[in-house]
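Welcome! Please open your viewer, get comfortable with turning the view around, and follow along one selection at a time.

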Amino acid sequence: MATETLKFPDGFKWGSATSAHQVEGGNYNDWSSQCRDCSRVEPKFRKPCIPCAGKACDSYNRYEEDFDIAQKLNHNIHRFSIEWSRIEPEEGKFDEKEMEHYKRLIDALRERGIEPMVTLWHFTNPVWFAEKGGWLNHKAPEYFTRYVKYVVDNFHDRHSMSVMPKLWITFNEAASVWAGFSYLNGQWPPQHKNIFKYIKVRKNFIKAQALAYREIKKVYKDTSHNVAVGLVESNVYSAQGNRWYEKTIGKFYNYQRNLYFWDKALPYYDFLGLNYYHVDRRVPGNYRVLPKQGWMPEMNWEIYPEGICHVLKDLSKFKKPIYITENGIADGTDKLRDKFIKEHLRWIWQAIQDGVDVRGYLYWSLLDNFEWAHGFAPKFGLVEIDYATLERKIRPSAYEYARICETNSMIYDL
Ligand code: BGC
């Protein structure tokens, strides 16, 4: 079979991502306070069941073991999130011990030659914040920024330049995913179904982005710190029909689903974090332009690797560097993962050849983990977790990916 070696730009970052509530275990936040044992849901509960993360992967205690694996797999960047509810368990009261924990975690990454990429919010909120109305509260942006300030101040004061994280992310998919699941279709806490609340929450995120961004930049005002603040959103590939009304609907949908937050939050971020997984069929006429593609059974998602190239080209209009902050497949068999990664990388490489400024690729996820409303069933990990023993087992596809990370290039079968 003919092959081609695809080289990535010098300094391209390779790694994987996780989030606090999905791997840490033992969190007390707006998700855990509303979760139930979904295997025994009684019919009287009309709302969708919110499963519990429980001890998850116990990464709160086992992070060194996890990072040893990432190092062994040649990763040079790792994205994780700080759990707001740990740092500020009660309103205005910050927990220094928890802050120390995250500093140790960052040191542990640095010691292994892995660059930390720190997400400040990945779907979960402290209970006190939720009780005040959460992201509907007009003061939510200030509450969030107070927490952000506490975190960045801590690094600024005590960490030397070499260990201070340089890549920060304010929000993960706040407008494109979280607002919809939590305020439109009522699946995630607080399980509301109200378009006006949805609109309000999304506006509050925009305010929070501007405030938090300015705060981080104020703390790190010396430009030699090279601190970059990113905003992560999820984009779907939404094929647009070719009739005039299909194009109009397609454009509107694409803006609302994919571009809204990045567009409204300009200029308050330095890079875009793109999470890309699947095709979206909501726009009329799309089957005429894009026939049915491959399937990811564990999530019921349609896979379209070429879509990431189209999405990246579309995002280049924001004229900022882009990191692929998530891309991955739930596949407990590990039969599809290697191909999934390579096909996506082939199209990311293409986007780079076409002039898009992509700086790194972070596979979702390092570990199998708690997949929100789906519980523990989908297996996204490069590493398999035995949830009874918490034993970590590296999957064969992880070694394939490790070769790409090591050589900064990929041998692609034509
Ligand atoms: C989220 C992750 C999630 C992944 C797979 C992204 O939307 O950021 O938390 O696990 O998709 O569903």
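## A tour that starts at a cysteine

Begin by selecting C49: with a relative accessible area of 18%, this cysteine is buried. Keep in mind as you go that the model is predicted.

**Stop 1: the partner of C49.** Which cysteine is joined to C49? Add C38 to your selection, and you will see a disulfide linking the two, with 2.0 Å from S to S. Such a link is a covalent bond between the sulfur atoms of two cysteines. Turn the view to look along the S-S bond: the angle about it is -90 degrees, and the link of C38 and C49 is left-handed. Both C38 and C49 sit in the loop between α1 and α2, so their link ties together parts that are 11 residues apart in sequence. While C49 is buried, C38 is partly exposed, at 31% relative accessible area.

**Stop 2: another disulfide.** Now select C35 and C52, whose sulfur atoms are 2.0 Å apart and form a disulfide. Here the torsion about the S-S bond is about 95 degrees, so this disulfide is right-handed. C35 and C52 also lie in the loop between α1 (20-23) and α2 (59-72), and the pair therefore ties together parts that are 17 residues apart in sequence. C35 counts as buried at 18% relative accessibility, whereas C52 is partly exposed at 31%.

How many disulfides are there by the distance rule? The count comes to two. If you number the bonded cysteines in sequence order, the pairing reads 1-4, 2-3.

**Stop 3: cysteines elsewhere.** Select C405, which is buried at 6% relative accessibility. Why does the sulfur of C405 have no bond to the one in C57? The sulfur in C57 is the closest cysteine sulfur, but it is 20 Å away, too far for a bond. Then click on C309, another buried residue, with a relative accessible area of 3%.

**Stop 4: helix α8.** Select residues 195-219 to show α8, a helix of 25 residues. From its first C-alpha to its last, α8 reaches 36 Å, close to the 36 Å expected at 1.5 Å a residue. Zoom in on the start of α8: there a side-chain oxygen of N194 comes to within 2.8 Å of the backbone nitrogen of F196.

**Stop 5: the nonpolar cores.** In soluble globular proteins, nonpolar side chains tend to be buried together. Select W135 and F144, the residues with the most contacts inside the largest nonpolar core, which has 127 residues. For your last selection, try M117, I169, A228 and Y323, which are among the nine residues of a second, separate core.

Technical notes. Residues numbered from 1 in each chain as written. Predicted model: local features only at pLDDT ≥ 70, side-chain atom pairs only at ≥ 80, totals over all residues. Heavy atoms only, no water. Core = buried A, V, L, I, M, F, W, Y, C linked by side-chain atoms within 4.5 Å. Buried < 20%, exposed > 50% of the residue type's maximum accessible area, 1.4 Å probe, protein only. Helix = DSSP H or I, 4+ residues; strand = E, 2+ residues; numbered from the N terminus. Expected span 1.5 Å × (residues − 1). Polar contact = N/O pair within 3.5 Å; in protein donor to acceptor, adjacent residues only side chain to side chain. Disulfide = S-S within 2.5 Å.
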